[in-house]
Amino acid sequence: MIISANGCAFHVEDFGQGLAVLCIHGFPLNGQLWQPVVEQLAGNNRFIVPDLRGLGRSTATPQATMADYADDLAAILEACGVTAPVVVMGLSMGGYIAFEFYRRHGERVRAMVFADTRPEADTPEKRADRQVKAERVLQEGSRYMADLMLDSLFGPAAPPALRFAWHGIMSSNDPTGVAAALGAMAGRNDSVELLSSIKEPALVIVGEHDAITPPEVHREMCAKLPAGKLVEIPGAGHMTPVEDSAAFASALGSFLSAPA
Ligand code: MLT
């Protein structure tokens, strides 16, 4: 369905019944990231799966911030009629947004899932690099980013068909939205200090071969979360929900059956 909010039109899937899980995809991906996991768990839970502002089929704006994404998600929950606290699940950039959502809309959170992400803000070098990439994307199109990221996204065992499919998805994004997301990531808050204040149950998931946000980052993050639980998915890279959806769904399903 299409939800209009905050001056954008959002493509949102609302699937299943039960405790709601807000699923926040990474960069430069879209809500399809969650499909194979949601399919396995929709008998017990409701999944709200948006395409973020400027990615997938949602409207792009020339600039975006983590606060914009977080407020968009709160508006989407509102439009879906979800009033009870939800499980907020984010992968990579989706995790950065989940931290901001917690800061701005913490009363809406029942539990958190951090997948293949990190709490630290960008270094000055990384910020400058994002700026260069944003300019290249605007000049050359989204395929520039797809070519650049493909190898680092997947573990060594990921089938070529999966890589091919995601290369296509990444290439078809609106370059304006991709560039805006690079700016939003560069400007994000550091969330390391926030970790100790997240008292709600938190599941931390990482692929064994995640080259973008490695397992060690997740071990450290989990140790700082008061109610954190770590699951490492053998063989997978950064794209755990599509590389091993059965392992991801199994970890998430157990967590959701007793999140608090
Ligand atoms: C992502 O997977 O969302 C991004 O690669 C994260 C990042 O660039 O920091």
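Let's start inside the protein, at H11: with a relative accessibility of 10%, H11 counts as buried. Keep in mind as you look around that this is a predicted model. H11 belongs to strand β2, and its side chain has a partner, since a polar contact of 3.2 Å links the side chains of H11 and R57. Why is H11 called buried? The label applies because a residue is buried when its relative accessible area is under 20%, and the value for H11 is 10%.

Now follow the chain back a little from H11 to N6. This residue sits in the loop between β1 (2-5) and β2 (8-16). Is N6 buried or partly exposed? With a relative accessible area of 43%, N6 is partly exposed. Its backbone deserves a look too. Most residues other than glycine have a negative phi. N6, however, is not a glycine and still has a positive phi of about 50 degrees.

You can find another positive phi at S92, which is not a glycine either; here the angle is about 55 degrees. S92 is also a loop residue, placed between β5 (86-91) and α3 (93-105). Its surroundings can be described with a number as well: S92 has 8% relative accessibility and so counts as buried.

S92 also brings us to the ligand. Which residues surround the ligand? They are G26, F27, S92, M93, Y96, R130, M149, M185 and H238. Sorted by class, this shell contains 5 nonpolar, 3 polar and 1 charged residues. Try finding them one by one in the structure, and then look for the ligand's oxygen atoms. A polar side-chain atom of S92 lies 2.7 Å from an oxygen atom of the ligand. For R130, a polar side-chain atom is 2.8 Å from a ligand oxygen atom. H238 also places a polar side-chain atom 2.8 Å from an oxygen atom of the ligand. How much of the ligand's accessible area does the protein cover? On its own the ligand has 270 Å² of accessible area, and the protein covers 94% of this. The space that the ligand takes up is the largest pocket.

One member of the shell around the ligand, F27, leads to another backbone feature. Most peptide bonds are trans. The bond that joins F27 and P28 is a cis peptide bond, with omega at about -15 degrees. To find P28, look in the loop between β3 (19-24) and α1 (35-41).

From that loop, move on into helix α1, where you will find V38. V38 has a relative accessible area of 6%, so this residue is buried. Here is a good place to compare distance along the chain with distance in space. V38 and A249 are 211 residues apart in sequence, yet their C-alpha atoms are 7.8 Å apart in space. With L153 the picture changes: V38 and L153 are 115 residues apart along the chain, and 21 Å separates their C-alpha atoms.

L153 itself is part of helix α5, which covers residues 143-153. Is L153 buried or exposed? The relative accessibility of L153 is 0%, so L153 counts as buried. Helix α5 also holds R143, and R143 is partly exposed, with a relative accessible area of 49%. Measuring from C-alpha to C-alpha, you would find R143 and I169 9.5 Å apart in space, with their positions 26 residues apart in sequence.

Our last stop is helix α6 (residues 160-171), the home of L162. L162 has a relative accessibility of 18% and counts as buried, because the cut-off for that label is under 20%. Where does L162 stand relative to I205? Their C-alpha atoms are separated by 20 Å, and the two residues are 43 apart along the chain.

To retrace the tour, you could go back to S92, a residue with a positive phi that is also one of those surrounding the ligand. From there, F27 in the ligand's shell takes you to the cis peptide bond with P28, and the loop holding P28 runs on to helix α1.

Note on methods
Residues numbered from 1 in each chain as written. Predicted model: local features only at pLDDT ≥ 70, side-chain atom pairs only at ≥ 80, totals over all residues. Heavy atoms only, no water. Near = heavy atom within 4 Å. Polar contact = N/O pair within 3.5 Å; in protein donor to acceptor, adjacent residues only side chain to side chain. Areas by Shrake-Rupley, 256 points an atom, 1.4 Å probe, with all protein chains shown as cover. 1 Å grid on protein atoms, 1.4 Å probe; cavity = no way out; pocket = protein on both sides within 12 Å on 5 of 7 lines; lining within 4 Å. Sits in = over half its atoms within 2 Å of the grid points. Nonpolar A, V, L, I, M, F, W, Y, C, P; charged D, E, K, R; others polar. Helix = DSSP H or I, 4+ residues; strand = E, 2+ residues; numbered from the N terminus. Buried < 20%, exposed > 50% of the residue type's maximum accessible area, 1.4 Å probe, protein only.
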